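User: I am in my first year and would like to work through a protein model one question at a time. Could you take me through it carefully?

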Amino acid sequence: MIRVGLIFLGLLYATSTLPQVYAFHNLLLPSSRIKPTPSPAAACSIWQVTPTFLSFQRSRRHHLASTALTSPSSPDDDDSEAIYTGAISPDTDIPTTTPFQRKADEAVPSLAALLRFTIPTLGIWLAGPIMSLVDTSVVGLSSDLALAGMGPATNLCDSFLYLFTFLAVATTNLLAGALADGDKTKSQTVVSHALAIALGAGIVVMLLIEFGGKAMLAATVGADGPLLIPVALKYTNIRALGAPFVLMSMVAQASLLGAKDSVTPLVVTIAAAMINFILDVGLVSYGKCGIAGAAVATVIAEIVGTFVLLRALKRSQGPRRLYPFIWLSSPFQDITKFFSFAGPVFFALFGKSLCYTSLGIAAQMMGTVPLAAHQVMLRCFFFFTTFGDSLSTTAQAFLPGFLVNNNRLAIGKVVRRLVLISVGVGGLNAALAGLIPSYFPGLFTTSTDIIREMHLIAPWLSASALAHACTMALEGILLAQRELSYLTASYAVNTMLVVGGLYSLRHIGGGIQGVWACLLFFQMSRCMVYAIRLMGRHGSIKCAWGKLKSMLGRSINGEESGKKKG
């Protein structure tokens with residue numbers, strides 16, 4: 001335990017050095033808005049790196065200033081202002097131009113550029129599923145009853161928290177639009193309002209789970225309720241304490257992603273996951289704290305990650321503040337204005353959360369063994385859904401800059417590249433999702449009965465992971481294009497169909513495979529509906545119909561000419 005404590009303190013120190021890592025990233029990978037052709041003097045200053053944060057900032061400042069002075073420019077050069085538009089104040093080491101002050105890039109991002117943003121974003125989205133997988137694995141290896149209790153406990157906590165991811169989606173989208181317009185005051189206002197709303201919503205979620213958790217668990221757990229509810233409550237009562245920090249962390253990550261900074265959240269996510277893993281092993285495996293120890297480990301990791309992210313976000317906005325960092329000047333008006341966009345996103349995510357919760361309820365009615373297998377496989381599925389979520393975030397970060405100017409050619413290129421990436425990512429997800437539970441079930445449980453059920457679910461898991469990656473890429477594109485009414489309507493229809501299908505399983509007796517068949521339908525139906533909408537919006541359906549008519553016309557004319565010759 002002493003060693004675990006020392007490692008934990010070391011990780012806390014590592015997270016406190018995040019600004020150095022972020023500055024070093026900016027130093028070595030300058031933005032495309034800055035000409036990457038420094039003079040020899042500037043090049044020397046790049047490599048004169050010292051361990052202090054101020055030295056990093058000074059080196060970057062000298063590099064930018066030297067570039068601005070030495071790069072050739074002319075009045076006719078459209079990029080002359082793009083060399084360095086932010087003046088450096090003599091009394092500060094921080095340049096006044098930050099990602100929150102720059103306008104969106106005019107160049108269409110290449111496939112490689114989208115991947116460079118998507119891959120770190122993937123690491124960010126992996127935070128929650130990784131923590132849940134670690135909890136599931138460590139608890140499952142210690143007790144089958146605790147593993148079964150993790151199912152309803154994590155479903156309750158994650159469903160509430162997932163429901164509020166609409167705050168992150170809205171923040172990324174609104175902030176990317178404000179930055180595309182070059183409005184610094186608006187960008188700071190969006191972040192401030194989102195953080196304040198997240199804090200208030202987190203407190204509400206915490207109180208609901210703390211005081212209503214037992215009743216909600218009793219309503220969802222089947223015949224094994226008296227056995228599972230006391231175990232599940234040990235987890236939910238502790239996890240609820242981290243709800244305000246989780247929601248504020250979501251908004252902070254979304255703000256940095258909206259400014260196209262995917263590295264800072266990635267570093268914080270990795271540090272938080274390491275803290276969670278070390279504390280899980282220390283408290284559950286060695287400390288014998290059981291399911292409560294897993295909850296404590298997760299909450300501590302969430303709190304540490306949130307404070308580091310907020311510090312990095314405030315620094316990235318620059319030294320000059322035009323609006324308080326966390327504030328609602330007119331609470332009713334500010335919340336109403338924010339929810340004019342976030343409201344439809346909330347209802348869409350509510351439908352998605354209802355579907356996933358209904359899946360858990362249907363599995364809970366089938367007994368302890370199917371429930372435990374479903375819990376493990378659902379954690380694996382949520383792990384792979386992060387690939388699709390990262391593509392959705394990429395679409396919302398890059399498309400608004402082109403939508404502001406209605407650049408149809410650029411929009412079409414970005415859409416096609418995102419779809420191409422989603423197909424590749426979906427195929428990789430399908431392969432990996434089938435391998436893990438089929439060949440490495442010992443990572444989660446030693447029960448042969450649970451492993452047998454996991455093998456039955458594996459094909460459905462692979463197919464669902466493939467469909468989800470493509471679905472989320474298309475959904476991100478629709479969100480960036482503000483197709484909110486269409487998304488809400490499609491979610492309403494799909495949710496009713498899935499919930500109805502799950503209800504009918506009680507009479508049909510489809511077993512755990514029937515539950516996962518409903519999950520696959522939920523992914524496939526959304527993918528098809530989104531694809532049809534996008535093809536219609538960009539004229540692809542009309543173009544395809546025109547080509548088909550042309551081909552049919554040529555075929556008919558050819559047959560008629562052949563008959564005439566005959």
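User: What volume does the second largest cavity have?

Analyst: This is a predicted model, in which local features need pLDDT of at least 70 and side-chain atom pairs count only at pLDDT 80 or more, while totals for chains, interfaces and linings use all residues. Residues are numbered from 1 along each chain as its sequence is written, and side-chain values use heavy atoms, with hydrogens and water left out. A cavity is a set of points, on a 1 Å grid over the protein atoms alone, where a 1.4 Å probe fits but cannot get out; points are joined across faces, edges and corners, and the volume is the space filled by probe spheres set on them. The structure holds four cavities of 30 Å³ or more, and the second largest has a volume of about 200 Å³.

User: Which element gives the largest share of the lining of the second largest cavity?

Analyst: Lining residues have an atom within 4 Å of a cavity point, and here there are 20 of them, with V169, L349, M472, E475 and L479 lying nearest the centre. The elements that give two or more residues to this lining are α14 (331–364), α15 (368–398), α18 (448–480) and α19 (484–508), where helices are DSSP runs of H or I with at least four residues, numbered from the N terminus. The largest share, five residues, comes from α14.

User: How many residues of that lining are nonpolar, polar and charged?

Analyst: Ala, Val, Leu, Ile, Met, Phe, Trp, Tyr, Cys and Pro count as nonpolar, Asp, Glu, Lys and Arg as charged, and the others, Gly among them, as polar. Sorted in this way, the lining of the second largest cavity divides into twelve nonpolar, five polar and three charged.

User: Where does α9 bend?

Analyst: Helix α9 (residues 184–220) has 37 residues, yet its end C-alpha atoms are only 47 Å apart, short of the 54 Å that a straight helix would reach; the expected span is 1.5 Å times one less than the number of residues. The bend at a residue is the angle between axes fitted to the seven residues ending there and the seven starting there. For α9 this angle is about 70°, and the bend lies at G212.

User: Why does A517 count as partly exposed?

Analyst: A517 is found in helix α20 (residues 511–537). Buried means under 20% relative accessible area and exposed over 50%, with partly exposed in between, using a 1.4 Å probe and protein chains only. A517 counts as partly exposed because its relative accessibility is 27%.

Methods:
1 Å grid on protein atoms, 1.4 Å probe; cavity = no way out; pocket = protein on both sides within 12 Å on 5 of 7 lines; lining within 4 Å.
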